[in-house]
Amino acid sequence: MRIDSFGAPLMVSWQFTRECDLACLHCCTDSWPGGRLSDELAADEARRVAEQIASAEVPYVLFGGGEPALVPHFLDTAELLGHAGVYLKVESNGQRLSKQTLARLARLPMRSLQVSLDGVTQEAYGRLRPAASLQAAADCCRRVRDAGLPLEIAFAPTRFSLGEAEAVIERAAELRAFRFNTGALMRLGRAARLWDALEPSLQDYREFLRLLQRKEAELAGRMEFCYRPFHLREGVEEWLREPPGTLSVQADGKVRVSAVLASSCADLRKDSLAEAWDAYRAACGSPDVVSALKTVIYGDLLGHDSVRA
Ligand code: SF4
């Protein structure tokens with residue numbers, strides 16, 4: 001495996017909390033207001049993990065959730081990493097990211113501030129994200145740009161949102177996003193439980209892929225498109241060919257081998273980052289893990305087969 005030659009992860013994907021101010025129908029992490037895990041890492045524990053990430057010279061950390069900015073020690077953790085030269089990406093629903101928070105993030109080496117935008121009408125957006133305000137998300141996008149941060153727009157294709165996909169792409173370009181990020185809906189978390197109501201048809205996915213290809217050509221040089229691998233199954237197949245150098249850290253410090261497997265291979269509350277990295281690489285080569293991943297992707301647990309335009 002390529003990762004056997006790496007002394008540390010290339011990236012840490014840190015699901016910082018399961019707490020969220022929204023409870024979106026398509027949420028793949030099952031986050032919601034009150035969803036905070038009872039044993040999420042405390043401020044001093046998160047600091048210790050961040051210090052190890054920085055001293056191991058991991059180049060890139062992605063903060064996801066839940067809504068990471070709801071955690072009181074989120075900014076301190078991001079600043080510890082950023083001041084050590086670690087590049088950062090933060091994923092947000094854009095409902096409450098204040099100007100002050102964005103100003104602090106803007107002083108760090110930020111690769112991306114990603115805001116989810118799944119519609120251009122409150123009706124479509126609010127059906128997927130009950131109680132969320134499209135106006136608040138759009139205002140947040142403008143504040144991100146005003147703060148000088150690189151704006152990325154994420155779009156989740158569902159039966160409720162696909163009809164506005166082209167308009168969202170155009171809105172993203174108007175907002176001067178540098179990237180439009182999407183892919184097939186992931187059959188994980190709450191999305192898995194509501195799958196029959198959410199999953200687009202194969203025909204809708206084909207049209208969506210054609211739209212992405214057309215807009216990618218039209219907007220070349222203005223906005224990049226990120227949608228490959230498109231289907232989660234393709235991502236897992238890539239994983240099986242070459243396990244990624246990404247350590248996936250959960251809010252409670254557990255380290256997952258893959259987003260589609262619930263089991264963990266290490267616990268950063270007890271294990272050092274170096275031990276977790278060794279455990280991850282050992283798990284990647286484990287026949288049990290490979291077999292479990294093949295069961296997931298070939299056992300029809302992820303929805304439609306790979307979609308082609
Ligand atoms: S999709 Fe994002 S914003 Fe919505 S509940 Fe999940 S974590 Fe929160």
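I count a residue as buried if 20 or more other C-beta atoms lie within 10 Å of its own, and as exposed if 12 or fewer do. The model I examined is predicted.

**Entry: helix H5**

I applied the burial criterion to H5 and obtained Ala 137, Cys 140, Cys 141, Arg 143 and Val 144 as its buried residues. Seen down the helix axis, these residues fall within an arc of 165 degrees, so they line one face of H5. I then looked at the face turned away from that buried side and found the exposed residues Gln 135, Arg 142 and Asp 146 there.

Next I asked which elements the buried residues of H5 pack against. They are helix H3 (99-106), strand S4 (110-116) and strand S5 (151-154).

I also checked the length of H5, which comprises the 13 residues 134-146. At 1.5 Å a residue the helix should span 18 Å, and its end C-alpha atoms are 18 Å apart, so the two values agree. After the helix comes Gly 148, for which I noted a positive phi, near 80 degrees.

**Entry: helix H10**

I turned to H10 (residues 232-241) and listed its buried residues: Leu 232, Arg 233, Gly 235, Val 236 and Trp 239. Around the axis they cover an arc of only 160 degrees, which puts them on the same side of H10. When I looked for what covers these buried residues, I found helix H12 (287-298) included.

**Entry: surroundings of the ligand**

I looked up which residues surround the ligand. The list begins with Cys 20, Leu 22, Ala 23, Cys 24 and Cys 27, and it continues with Thr 29, Ser 31, Gly 65, Gly 66, Glu 67 and Asn 93. Sorted by class, this shell holds 5 nonpolar, 5 polar and 1 charged residues.

**Entry: the chain overall**

I recorded 12 helices and 10 strands for the protein chain. Its radius of gyration is 19 Å, close to the 19 Å that the globule rule gives for 309 residues, so the chain is as compact as a globular protein of that length. Along the principal axes, I found that the C-alpha atoms fill a box of roughly 45 × 45 × 40 Å.

I noted that 42% of the 309 residues count as buried. Finally, I examined the contacts between residues at least 6 apart in sequence: 75% of them join residues at least 24 apart.

Note on methods
Residues numbered from 1 in each chain as written. Predicted model: local features only at pLDDT ≥ 70, side-chain atom pairs only at ≥ 80, totals over all residues. Near = placed C-beta within 6 Å. Nonpolar A, V, L, I, M, F, W, Y, C, P; charged D, E, K, R; others polar. Helix = DSSP H or I, 4+ residues; strand = E, 2+ residues; numbered from the N terminus. Rg over C-alpha atoms; globule rule 2.2 N^0.38 Å. Contact = placed C-beta atoms within 7 Å. Expected span 1.5 Å × (residues − 1). Arc of directions from axis to C-beta.
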